Amino acid sequence: MKLNLILCACLLGMTALANASAAAKPNVILIVADDLGVGDVSCYGAGKIDTPNLDELASQGMRFTDAHSASAVCTPSRFAMLSGRNYWSRWNGELLIREEWNTLPDVLRENGYATGYFGKWHLGWGEDYEGRAHRQDIDWNKTLPAGVLECGFDTYFGTPFSHNEAPSLFVKDRTVVGLDPEDPIEIIAPKLSPPWGRSIGGKKAHAARPESRIDLIVTKETQKWIKNNSKKPFFLNLSLVAPHVPISPAEEFRGKSGLGAYGDFVHQMDWCVGQIMKTLQECGIEENTIVMFTSDNGAVVYSESLDQGHRSNLKFLGQKTDAWEGGVRIPFIVRWPAQIKAGSTSDALFDLADISKTVWDAAGVKPVLDTALDSISQLKVWLNPDGEPARTEMLQGAVLGTAFRSGDWVYLPGQGSLGMTTGTGEWFLPLHKMGLPNSDYDEEGNLKDDAPDIQLYNLIKDPSQSHNVVNEFPEKAAELAARYNELLSALQRRTVELERLEKQ
């Protein structure tokens, strides 16, 4: 009898310990804006657009001033956030994340978390990893091929690519919302670039996703999911479409910002963040919920807002697509009242690829096989922003090349922005109209005849990258060039070794 009582007590104690452990696991929310610059968030010092909900989030948590996306465009940046890996290959629409990888949500789900993805999904569909898959090859009238659910998520609601790309639909898990067998959906391939074409047919499906209300509908669905999963630990990825083109604020937000449609769209995005925080409070789970807010890359610079004195990327040179700071410097705010000091800031270098291992450490979980090759845990920085940095270097991808950040220095192995600001892109404001000089270019935006073949900047002394100092510091440039090549080679070796382990 005494032994039975002891066994029962032990079992009850173990159950209580397990329940306590489960209760202690933090919920995790990752909110990602699309093409939002640091200057678009008022707590970063912009002053032209009011973002009260993000300002409040920062006042209750930590604001990073040196956070960077792994890439200056969305797909490889989002890939890095979920996989903890850099991605530099050409993409044609296939699913980028392999099912055997341990993604950020995979590891959390294996440790008892509910996982949900809401909003823009821009990491592909279908399992053709050789680059032959295209959205035109997918039959959107049937159950969709591998996608969000294969990447570690229990459920999905959102738009399958950027909201300016076909198909202009919502998808729930594997099925198009509003699908009508009598009115099939068809993707018309374009004759010229860009490659995403347009979708026709499916009148009900297209009507279910009004362009100006995408984020509002997605946010409402997200709130429902939080309420349904508030009694257990969860991981939520909310990917908003604002302020990516088409810039389409809902009617109730038009004219609210005083900075045109772009400002209104950002204001609407901020409101959506506020709704998520409101839901956490209603569920009584805000204290032990990690809320991260960021952007997938720097902002596109528009002349309309620039003419009104608004700089979406603040003083940073360049914009989306560029390896210059304007393309990769992004806002990053994290709130976790149970652990992170309110109103704190950090100037530590933060790579969005670091989200995976940082969150795993915060949740006290580990992957069976570490496939997050480029992720570094930043938990110690979250808990002590005045301590030693976790990261001192990173690769920064752009559409035409890759930059290398090391300490205060950034090295670019080529001329120009390595993106569309000095490229041939028709959709982007050229350098000479951005109001920020660069010593390699004249006032008309022409590359000088004596411009060096490579670039070197000290971001502490010259955060605007106005003066290329490669000729003044040739030894530093050579040092960074060697390390840059070493990192690329090491990444290739680690990738090959990991693929070997995955096949075992």
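**A quick tour of the fold**

The protein chain has an accessible surface of about 21,100 Å², and 51% of that area belongs to carbon and sulfur atoms. Keep in mind as you look around that this is a predicted model. Of the chain's 504 residues, 57% count as buried.

**Overall build**
- The secondary structure of the protein chain comes to 12 helices and 18 strands.
- Among contacts in the chain with a separation of 6 or more, 72% join residues that are 24 or more positions apart.

**Nonpolar cores**
- In soluble globular proteins, nonpolar side chains tend to be buried together.
- Here the largest nonpolar core has 60 residues, and W121, W125, W140, M292, F332, I355 and W382 have the most contacts inside it.
- Helix α10 (residues 355-363) supplies the largest share of this core, with five residues.
- If you want a residue to start from, try W121: beyond its neighbours within four places in sequence, W121 is in contact with L82, L95, G147, V148, C151, Y156, T159, P160 and F161.
- There is also a second, separate core of 48 residues, which includes A33, F170, C272 and F293.

**Where helices α2 and α7 meet**
- Helix α2 (residues 52-59) and helix α7 (residues 260-283) have axes that come within 7 Å and cross at roughly 50°.
- That angle makes α2 oblique to α7.
- On the α2 side, the contact is made by P52, N53, L54 and L57, while α7 brings M269, D270, W271, V273, G274 and M277.
- By character, the residues of this contact divide into seven nonpolar, two polar and one charged.

Methods: Residues are numbered from 1 along each chain as its sequence is written. This is a predicted model: local features need pLDDT of at least 70, side-chain atom pairs count only at pLDDT 80 or more; totals for chains, interfaces and linings use all residues. Side-chain values use heavy atoms; hydrogens and water are left out. Axes are lines fitted to C-alpha atoms, for helices over the stretch in contact, and angles run from 0 to 180 degrees between N-to-C directions. Helices (H or I, at least four residues) and strands (E, at least two) are DSSP runs, numbered from the N terminus. Angles under 35 degrees count as roughly parallel, over 145 as roughly antiparallel, 65 to 115 as roughly perpendicular and the rest as oblique. Contact means heavy atoms within 4.5 Å. Ala, Val, Leu, Ile, Met, Phe, Trp, Tyr, Cys and Pro count as nonpolar, Asp, Glu, Lys and Arg as charged, and the others, Gly among them, as polar. Buried means under 20% relative accessible area, exposed over 50%, partly exposed in between (1.4 Å probe, protein chains only). Accessible areas come from the Shrake-Rupley method with a 1.4 Å probe; for residues, only the protein chains shown count as cover. A nonpolar core is a set of buried Ala, Val, Leu, Ile, Met, Phe, Trp, Tyr and Cys residues joined through side-chain atoms within 4.5 Å.
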